[in-house]
Amino acid sequence: MDLVAWAYAVAEGRLVLSLPRRWVHVQGVAKRAALAAGIVPEAERDLLMAAAVLHDVGYAQDVAETGFHALDGARYLEEQGFPERLCALVAHHSCAYREAELRGCSAELARWVDEETPLRDALWWADMTTGPDGDTTGIRERIAEIQARYGPEDLVTFFVRQAEPELVAAVERTEARLKAAGIEVR
Ligand SMILES: [Fe+2]
């Protein structure tokens, strides 16, 4: 099985029944990632797609361990035998290191390195411009929606407030690359 088909099989298997809304979001993120395929090297497009499909697998009941989905997802994918680079992309997606700081699990997350490449930015862009129902949204609307969904006292709200400049920067870099490549996206 190729990497993308494997990613879909695992993500669907873990999410579709227990977290159907999350599964719809993930499918939307995968669609966005496919739009950005043109700004990553051809040999790495499957990696971007697989990371998009698997980025939230750590929310699944049978995957969650620490309660921090980026870390739990990366650990689970490593156990399953997915490539190290894919596990690292999931571990660090959408500024996860900042949430790890708030949750006191930075050391565990540091097991993986954030590659800080256009591919990684494209994954963050796809996640941060896709709403919880798989709809395309703007980065500012996405951040506001997360804060509203979790509420003013939630750690995730604190996290996303702190992470906003880095999330916006990754989105803007990706949109500049898309523009330069002549790829039109909303
Ligand atoms: Fe996501």
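Helix 2 and helix 8 lie oblique to each other. In this predicted model, the axes of helix 2 (residues 20–35) and helix 8 (residues 118–128) come within 8 Å and cross at roughly 135°. Their crossing is right-handed. On the helix 2 side the contact is formed by His 25, Val 29, Arg 32, Ala 33 and Leu 35, and on the helix 8 side by Trp 125, Ala 126 and Asp 127. Sorted by class, this contact of helix 2 with helix 8 holds five nonpolar, one polar and two charged residues.

Helix 8 also packs against helix 10, at an angle of about 110° and with the axes 8 Å apart. Angles of 65 to 115 degrees count as roughly perpendicular, so helix 8 is roughly perpendicular to helix 10. From helix 8, the residues involved are Pro 118, Arg 120, Asp 121, Ala 122, Trp 124, Trp 125 and Met 128; they meet Glu 166, Leu 167, Ala 170, Val 171, Arg 173, Thr 174, Glu 175, Arg 177 and Leu 178 of helix 10. Trp 125 is thus named in the contact with helix 2 and in the contact with helix 10.

Helix 1 (residues 3–15) and helix 3 (residues 45–54) pack at about 0°, their axes 9 Å apart, and are therefore roughly parallel. Helix 1 contributes Leu 3, Val 4, Ala 7, Tyr 8, Val 10 and Ala 11, while helix 3 contributes Asp 46, Leu 47, Met 49, Ala 50, Val 53 and Leu 54.

The table gives the residue classes of two of these contacts.

| Contact | Nonpolar | Polar | Charged |
|---|---|---|---|
| Helix 1 with helix 3 | 11 residues | no residues | one residue |
| Helix 8 with helix 10 | nine residues | one residue | six residues |

The largest pocket has a volume of about 410 Å³. Its lining consists of 26 residues, and Arg 22, Tyr 59, His 69, Arg 142 and Tyr 150 lie nearest the centre of the pocket. Two or more lining residues come from each of helix 2, helix 4 (69–80), helix 6 (96–103), helix 8, helix 9 (139–150) and helix 10 (155–180). By class, the lining of the largest pocket has 12 nonpolar, five polar and nine charged residues. Helix 2, helix 8 and helix 10 are among the elements that line this pocket; helix 8 packs with helix 10, and its axis comes within 8 Å of that of helix 2.

Note on methods. Residues are numbered from 1 along each chain as its sequence is written. This is a predicted model: local features need pLDDT of at least 70, side-chain atom pairs count only at pLDDT 80 or more; totals for chains, interfaces and linings use all residues. Side-chain values use heavy atoms; hydrogens and water are left out. Axes are lines fitted to C-alpha atoms, for helices over the stretch in contact, and angles run from 0 to 180 degrees between N-to-C directions. Helices (H or I, at least four residues) and strands (E, at least two) are DSSP runs, numbered from the N terminus. Angles under 35 degrees count as roughly parallel, over 145 as roughly antiparallel, 65 to 115 as roughly perpendicular and the rest as oblique. A crossing is left-handed if the near helix is turned anticlockwise from the far one by less than a right angle, and right-handed if clockwise. Contact means heavy atoms within 4.5 Å. Ala, Val, Leu, Ile, Met, Phe, Trp, Tyr, Cys and Pro count as nonpolar, Asp, Glu, Lys and Arg as charged, and the others, Gly among them, as polar. On a 1 Å grid over the protein atoms alone, a cavity is a set of points where a 1.4 Å probe fits but cannot get out, and a pocket is an open set with protein on both sides within 12 Å along at least five of seven lines; lining residues have an atom within 4 Å of a point. Grid points are joined across faces, edges and corners, and a volume is the space filled by probe spheres set on the points.
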